[in-house]
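Here are a few short exercises to work through with the model open beside you. Try each task before you read its solution.

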Amino acid sequence: ETSDNQNFALKPLTFYQKAISAVHQDFNKSDIYENPTLSGVLSPKEMFNALQHKASAFYQLFQDKHLIKDLKMAALTYQLAIELSERMRRSYESADAKLFFTNKVFPVYNEAMEVSFQLYQQTKLPIYQAFMFEINEKSKAATLSDALREMKIKPKHIKVELLNQERKLHLTINTLQMTIAKETGSNKVEN
């Protein structure tokens, strides 16, 4: 039965590994403990999704088996997903891209932070503390970058009253989303 449980836990990881290979021109390794480089990515969004799911599956595997190597692999895979998202952010400017970053990328920062914190708790190694700091800084930089891009996109002749109204509406939306998350017992806010 233990062997069946291990195979069940590893099966999603083999599928994510195949998905990663499918969207990379040079990477075809079946070893789930291997990740590709970011050069040669054919479909960045699909690669990001596969990396995010692989990292999440490794974190789940760690929670089941308590092997540090699985937690480390989750952290490394999240790190690669974040690096890919930074490259994608620089090249995408559409409304669809903004939605992708809001719904898919920003939650990965939180997941990566949770994994890094767990790694630090387990190992007490300063490198994982530094990794948490790096994730936090990259998250802030991404938020600031998006805000600056939004400012550049908006026409300069918008009335101050409209801009203030927009800010208030965003604040109201965020407050309502947090209220919904609290009431449903979820720590994830969905749009």
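**Exercise 1.** Work out where Glu83 and Arg87 lie and how far apart they are in sequence.

*Solution.* Start with the element: Glu83 and Arg87 both sit in helix H3, 4 residues apart, about one turn of the helix (helices are DSSP runs of H or I, at least four residues, and strands are runs of E, at least two, numbered from the N terminus). Next, check the atoms: the two form a salt bridge, with the closest N and O atoms 3.8 Å apart (a side-chain nitrogen of Lys or Arg within 4 Å of a carboxyl oxygen of Asp or Glu). Finally, look at accessibility: Glu83 is partly exposed at 33%, and Arg87 is partly exposed at 40% (buried is under 20% relative accessible area, exposed over 50%, partly exposed in between, with a 1.4 Å probe and protein chains only).

A word on the ground rules: this is a predicted model, where local features need pLDDT of at least 70, side-chain atom pairs count only at pLDDT 80 or more, and totals for chains, interfaces and linings use all residues. Residues are numbered from 1 along each chain as its sequence is written, and side-chain values use heavy atoms, with hydrogens and water left out.

**Exercise 2.** Find which residues are linked with Glu134 in a network of salt bridges.

*Solution.* Begin with Lys138: its closest N–O approach to Glu134 is 2.9 Å, a salt bridge. Both residues lie in helix H5, 4 residues apart. Now widen the view: Glu86, Glu134 and Lys138 are linked in a network. The structure holds 5 salt bridges.

**Exercise 3.** How many aromatic pairs does the whole structure hold?

*Solution.* The search finds 2 (ring centres of Phe, Tyr and Trp, using its six-membered ring, within 6.5 Å; planes under 30 degrees apart are stacked, over 60 edge-to-face, the rest tilted). Take Tyr33 and Phe58: they are 5.1 Å centre to centre with 55° between the planes, a tilted pair. This pair links distant parts of the chain, with Tyr33 in the loop between H1 and H2 and Phe58 in H2. Tyr33 is partly exposed at 29%, whereas Phe58 is buried at 0%. Then take Phe106 and Tyr109: their centres are 6.0 Å apart and their planes at 35°, so this pair is tilted.

**Exercise 4.** Which element of the protein chain has the lowest mean pLDDT?

*Solution.* Helix H6 does, at 79, while H2 has the highest, 95 (pLDDT is the predictor's confidence in each residue, from 0 to 100). Over residues 187-191 the pLDDT is below 50. Where pLDDT is low, the predicted coordinates should not be read in detail.

Methods: Contact = heavy atoms within 4.5 Å.
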